[in-house]
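Colleague: Got a minute to go through this one with me? I'd like to start with the ligand.

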Amino acid sequence: MGSQACAAARALVASAHRITVLTGAGVSTDSGIPDFRGPDGLWTRDADAGLGASIDSYVSDPAVRRLSWRAKLDSPVWTAKPNAAHKALVELERSGRLRTVITQNIDGLHQKAGSDPHRVLELHGTLHATVCLSCGATGPMRDAVKRVAEGEEDPDCLRCRGILKSATVSFGQHLDGEVLRRARLAVLDCDVLLVAGTSLSVQPAAGLVPLAAKAGAQVLICNAEPTPYDDVAAVVLHEPVGEVLPDLSSVPPSGGGRFSSWGDPSTWS
Ligand code: NAD
């Protein structure tokens, strides 16, 4: 990490008082969880792999649900361990500068690494829970996966027999309105938005980047490949997040000490 862009990224982080981070699947590839659109991504290797990812096909086609449950049996998420990128964000939080981690990931690795769960906004939900599409009952994913391992191909809701699904946001489903509201506030109330390991091709998550830039935040994008929002960023690094984030989290603040912000405007009286 010696380029001019790296030096500019370090200077941005050094001067930052309120950092919001937006992460994507690229932050977890070093933990053994493949992304979708990277060079080794699930959808890059198999163009049909994403066909069952819509809520319509999940609801209407039992074969899609069976495939989805079978895939969960072997998911790398259950055994994945946080990597250097997740741990670096924990360090940045402990330095007092990182306020919020907005993640598109569903693997729970930020919390597993030690990020304060109250500061982590899971825009696309979590794979660690299930939800019934009829009655809304939620439960631990491990219970459903156990039923699949014991022979049920399409486990249903034990309360109302409705269709059970992971508590993740599929294509065609709305994001949780409250989580999205808090994510928007977090990008409006930061001086630096650090974007890491995302192709920025999924909305409304990607739209948080121009929103932050319009509100005056400096945007720092770290992704292996170019993104559609590189032109709104103050600094772009096409480097591995497992190297960049530890380097950035080790940057001491230039102003020294802690500071306060106005916080969440909805709490102002
Ligand atoms: P994406 O697959 O569209 O993009 C990932 C980006 O990260 C790619 O551009 C890739 O080049 C880059 N990348 C991969 N490894 C990297 C590394 N070590 N260093 C730097 N860059 C790296 O993923 P996305 O933008 O997050 O959007 C895809 C959707 O898929 C999200 O909604 C997410 O919920 C879901 N998803 C989540 C997981 C997970 O929870 N770990 C895994 C796959 C997909």
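Colleague: Okay, which atom of the ligand does a polar side-chain atom of Asn223 lie 2.9 Å from?
Modeller: An oxygen atom of the ligand. Keep in mind that this is a predicted model.

Colleague: And what about the side chain of His124, how far is an N or O atom there from an oxygen atom of the ligand?
Modeller: That distance is 2.5 Å. Ala224 joins in with its backbone: an N or O atom there sits 3.0 Å from a nitrogen atom of the ligand.

Colleague: How much of the ligand's accessible area does the protein cover?
Modeller: On its own the ligand has 860 Å² of accessible area, and the protein covers 92% of that.

Colleague: Which residues around the ligand come nearest?
Modeller: There are 28 residues around the ligand, and the nearest are Arg37, Gln104, His124, Ser199 and Glu225. Sorted by class, that shell has 11 nonpolar, 12 polar and 5 charged residues.

Colleague: New topic: strand β7. Is it buried or exposed?
Modeller: Strand β7 covers residues 192–196, and 5 of the 5 are buried, so the rest of the structure largely encloses it.

Colleague: Which way do the side chains point from β7?
Modeller: Val192, Leu194 and Ala196 point one way, Leu193 and Val195 the other way, and all are buried. In general, side chains in a regular strand alternate between the two faces of the sheet.

Colleague: What does β7 pair with?
Modeller: β7 runs parallel to strand β1 (residues 19–23), joined by 5 bridges. It also pairs with strand β8 (residues 218–222), again in the parallel sense and over 5 bridges. Take Leu193 in β7: Thr20 stands opposite it, and its bridge partner in β8 is Val219.

Colleague: How does the chain get from β7 to β8?
Modeller: It crosses through helix α9 (residues 208–214), and this β-α-β crossover is right-handed.

Colleague: What's special about the peptide bond from Gln203 to Pro204?
Modeller: That bond is cis, with omega near 5°. Pro204 lies in the loop between β7 and α9. Leu200 is found in that loop too, and its phi is near 50°, a positive value in a residue other than glycine.

Colleague: Is Leu200 buried or exposed?
Modeller: Leu200 counts as buried because its relative accessibility is 2%, under the 20% cut-off.

Colleague: And Arg161, what's its phi?
Modeller: About 70°, so a positive phi there too, although Arg161 is not a glycine. You'll find Arg161 in the loop between α7 (141–149) and β6 (164–168). Arg161 is exposed, with a relative accessible area of 54%.

Key:
Residues are numbered from 1 along each chain as its sequence is written. This is a predicted model: local features need pLDDT of at least 70, side-chain atom pairs count only at pLDDT 80 or more; totals for chains, interfaces and linings use all residues. Side-chain values use heavy atoms; hydrogens and water are left out. A residue is near a molecule or strand if one of its heavy atoms lies within 4 Å of it. A polar contact is a pair of N or O atoms within 3.5 Å; within protein, one must be able to donate a hydrogen and the other to accept it, and residues adjacent in sequence count only if both atoms are side-chain atoms. Accessible areas come from the Shrake-Rupley method with a 1.4 Å probe; for residues, only the protein chains shown count as cover. Ala, Val, Leu, Ile, Met, Phe, Trp, Tyr, Cys and Pro count as nonpolar, Asp, Glu, Lys and Arg as charged, and the others, Gly among them, as polar. Buried means under 20% relative accessible area, exposed over 50%, partly exposed in between (1.4 Å probe, protein chains only). Helices (H or I, at least four residues) and strands (E, at least two) are DSSP runs, numbered from the N terminus. Two strands pair if DSSP finds at least two bridges between them. A crossover is right-handed if, with the strands pointing away from the viewer, the path from the first strand over the helix to the second runs clockwise.
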